[in-house]
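Subject: Structure handover and findings

Hello,

Here is the structure you are taking over. Please load it before reading on.

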Amino acid sequence: MDATVNGKKVQDLPPKGGYGSIQTERIKLRTILGTRGTIAFFLATTIGGMYGYYLSFKQVRRHQIEMRSARWAIFPMLLAERDRAVLKQMRRNRDIETELMKNVEGWEVGTYYGEPIFYLDDPNQYRDPTFLDHFAHSDPAIYCERAERRMWT
């Protein structure tokens, strides 16, 4: 706004009639629900939520029982498949060792120059192979990947 009127300076003054009064007293908020309404709403939502939780809990519990039963039913087959895979890998390792050491004089497969590697009570006793025995003739990159995966799980 131009501070001059016809070349004269005009002082900035309050509006005619003055400024309005400054409000200092508290203004109460409008209430949507009273005390009774708030308590009733709280109880209704709590009871409704508990009923919904109960229905959901029954369904989740039923699903957990079903999954536990399925896990117990399939567990023996998974163990058998794991044992079968280990035995197949040990057979592959034995065949690779036979092929690899065929030109070495005095070498018996499964021993170190005739010395048994494992001292077992019974010659038919089975001993689970170690992790390194399992991956003895594999690519080092595959061995490292599997070792890292085994450490993280």
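The notes below cover helix 1, the pockets, the aromatic rings and one loop residue.

Please keep in mind that this is a predicted model.

Helix 1

Helix 1 spans residues 35-100. The helix is not straight throughout: at Ile74 there is a kink of about 40 degrees, and the proline Pro76 follows shortly after. Four residues of helix 1, namely Val86, Gln89, Asn93 and Glu97, are buried. The cover over the buried residues of this helix includes strand 3 and helix 2.

Largest pocket

The largest pocket holds about 930 Å³ of space. Its lining is made up of 26 residues, and those closest to the centre are Met90, Arg94, Gly110, Ile117 and Phe118. Two elements, helix 1 and strand 3 (111-112), each give two or more residues to this lining. Helix 1 is the main contributor, with seven residues. If you plan to set up a chemical description of the site, the lining of the largest pocket divides into 15 nonpolar, five polar and six charged residues.

Second largest pocket

For the second largest pocket the volume is about 330 Å³. Here 13 residues form the lining, and Arg82, Val86, Pro129, Phe131 and His134 lie nearest the centre. The elements that supply two or more residues to it are helix 1, helix 2 (131-134) and helix 3 (140-152). By class, the lining of the second largest pocket has five nonpolar, two polar and six charged residues. Two of the residues nearest its centre come up elsewhere in these notes: Val86 is one of the buried residues of helix 1, and Phe131 belongs to an aromatic cluster.

Aromatic rings

There are five aromatic pairs in the structure. In one of them, Phe131 and Phe135 have ring centres 5.0 Å apart and planes at 55 degrees; the pair is tilted because that angle is neither under 30 degrees nor over 60. Phe131 also pairs with Tyr143, again in a tilted arrangement, with 5.6 Å from centre to centre and 45 degrees between the planes. Since Phe131 sits in helix 2 and Tyr143 in helix 3, this pair ties together parts that are twelve residues apart in sequence. Phe131, Phe135 and Tyr143 together form one aromatic cluster.

How buried or exposed are the members of this cluster? Phe135 has a relative accessibility of 13%, so it counts as buried, the limit being under 20%. Phe131 has a relative accessible area of 22% and is therefore partly exposed. Tyr143, with a relative accessible area of 26%, is partly exposed.

A loop residue

Where is Ile32 found? This residue is in the loop between strand 2 (8-9) and helix 1. Ile32 has a relative accessible area of 83% and is exposed, because the limit for that class is over 50%. The C-alpha atoms of Ile32 and His63 are separated by 43 Å, and the two residues are 31 apart along the chain.

Regards

Definitions and conventions:
Residues are numbered from 1 along each chain as its sequence is written. This is a predicted model: local features need pLDDT of at least 70, side-chain atom pairs count only at pLDDT 80 or more; totals for chains, interfaces and linings use all residues. Side-chain values use heavy atoms; hydrogens and water are left out. On a 1 Å grid over the protein atoms alone, a cavity is a set of points where a 1.4 Å probe fits but cannot get out, and a pocket is an open set with protein on both sides within 12 Å along at least five of seven lines; lining residues have an atom within 4 Å of a point. Grid points are joined across faces, edges and corners, and a volume is the space filled by probe spheres set on the points. Ala, Val, Leu, Ile, Met, Phe, Trp, Tyr, Cys and Pro count as nonpolar, Asp, Glu, Lys and Arg as charged, and the others, Gly among them, as polar. Rings of Phe, Tyr and Trp (its six-membered ring) pair if their centres lie within 6.5 Å; planes under 30 degrees apart count as stacked, over 60 as edge-to-face and the rest as tilted. Buried means under 20% relative accessible area, exposed over 50%, partly exposed in between (1.4 Å probe, protein chains only). The bend at a residue is the angle between axes fitted to the seven residues ending there and the seven starting there. Contact means heavy atoms within 4.5 Å.
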